[in-house]
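Reader: I have just opened this one and would like some help finding my way around. Could we go through it together?

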Amino acid sequence: MSLSAAEEESAQEVHLPADIDWEMLDKSKFFFLGAALFSGVSAALYPVVVLKTRQQVAQSQVSSIKTAISIMRLEGIRGLYRGFGTSLMGTIPARALYMTALEVTKGNVGTGIVKLGVPEPTAAAVANAAAGLSAAMAAQLVWTPIDVVSQRLMVQGSNASTACKYLGGIDAFRKIIRTDGLRGLYRGFGISILTYAPSNAVWWASYSVAQRVVWGGIGCYFCKKDDENDGGSGNGNGNALRPDSKTIMAVQGFSAAMAGGVSALITMPLDTIKTRLQVLEGDENGRRGPTIGQTVRTLVREGGWSACYRGLGPRWASMSMSATTMITTYEFLKRLSAKNQEVLA
């Protein structure tokens, strides 16, 4: 793949290794290694998710540091990993669905749009947005029930803990089914789609644009440097830049962090509402849990509209770190899983 620096302004080009599409992957290796790599990423980031969830269900604003100290003092390190086993069980099939939908959609949409005569940069952004949208919707079929169970476990021991106590993921699953039926496991499914689908679309499109901007900036920098070394004559050597793997990963990580921060800010209110809907259980006498409107009114009553942004710090950090580790891990995984390693040079 070749990205022209500063579009038409510079002859300097950045030559990156060939992109790896769905047809080039060894699927068995892709899914097996993906399960292992993303499980490790989930374990590293899970405590931040717990902090975010505790803040979102709290009835007053409490800082991330105070929340973390409280959890460690009362529950120890185990409190930061409540529900992790359940979450991990869902991560593997959800990631498999996510990656399959992502790659298949990106390849098909990208190819179709290019055939219509759309410029490559625009086609890449649209294909990435469509891929992120379809991947999020596919993954939520598995992830929403896991999210409901794991978040119920996360808040146990907090001041906002629900009346029902769970002995573990299986016990929580049984009690939710007994109390609310299958609908209880898919509580917040609609708003999860509204949260994650646009968020993923925005993220993947932003990531595509951010990468192009960053590489364009790098191309401009080295072109200017060449001109200076050539005495300002403008007759630089015109050699194409061939960045090493570390530089490529650094640019990917930086672009992912930028996209993750923007997505976190845009979708934070929806995520807070979703978390509350999933954590608050229905009454055992058959009364339904709160609606979206009731949840919003409760949040506003507790702390104004700013209450919808409780947990923004941990979520911003979580999404930025998750995006950075996810994309570098994902690109590394694709290269490890390529059928023909020779085409990657």
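Reader: Let me start with one residue: is arginine 187 buried or exposed?

Author: Arginine 187 counts as buried, because its relative accessibility is 15%, where buried means under 20% relative accessible area, exposed over 50% and partly exposed in between, with a 1.4 Å probe and protein chains only. Please keep in mind that this is a predicted model, in which local features need pLDDT of at least 70 and side-chain atom pairs count only at pLDDT 80 or more, while totals for chains, interfaces and linings use all residues. Residues are numbered from 1 along each chain as its sequence is written, and side-chain values use heavy atoms, leaving out hydrogens and water.

Reader: And which residue does arginine 187 form a salt bridge with?

Author: Its partner is aspartate 180, with the closest N and O atoms 3.2 Å apart; a salt bridge here is a side-chain nitrogen of Lys or Arg within 4 Å of a carboxyl oxygen of Asp or Glu. Aspartate 180 is buried as well, at a relative accessible area of 16%.

Reader: How many salt bridges are there by this rule?

Author: The count comes to 13. One of them joins lysine 274 to aspartate 147, whose closest N and O atoms are 3.1 Å apart. Since lysine 274 lies in helix 8 and aspartate 147 in helix 4, this pair ties together parts that are 127 residues apart in sequence, helices being DSSP runs of H or I with at least four residues, strands runs of E with at least two, numbered from the N terminus. Both lysine 274 and aspartate 147 are buried.

Reader: Changing topic, how many helices and strands does the chain have?

Author: The protein chain has 10 helices and 2 strands, and the two β elements come ahead of the helices when you read from the N terminus.

Reader: Which residues touch the most other members in the largest nonpolar core?

Author: That core has 24 residues, and those touching the most other members are Phe30, Leu102, Trp203, Trp204, Tyr207, Ile327 and Tyr330; a nonpolar core is a set of buried Ala, Val, Leu, Ile, Met, Phe, Trp, Tyr and Cys residues joined through side-chain atoms within 4.5 Å. Helix 10 gives the most to this core, with 5 residues.

Reader: What does tryptophan 203 touch?

Author: Leaving aside residues up to four places away in sequence, tryptophan 203 touches Ala256, Ala259, Gly260, Ser263, Ala323, Met326 and Ile327, where a contact means heavy atoms within 4.5 Å.
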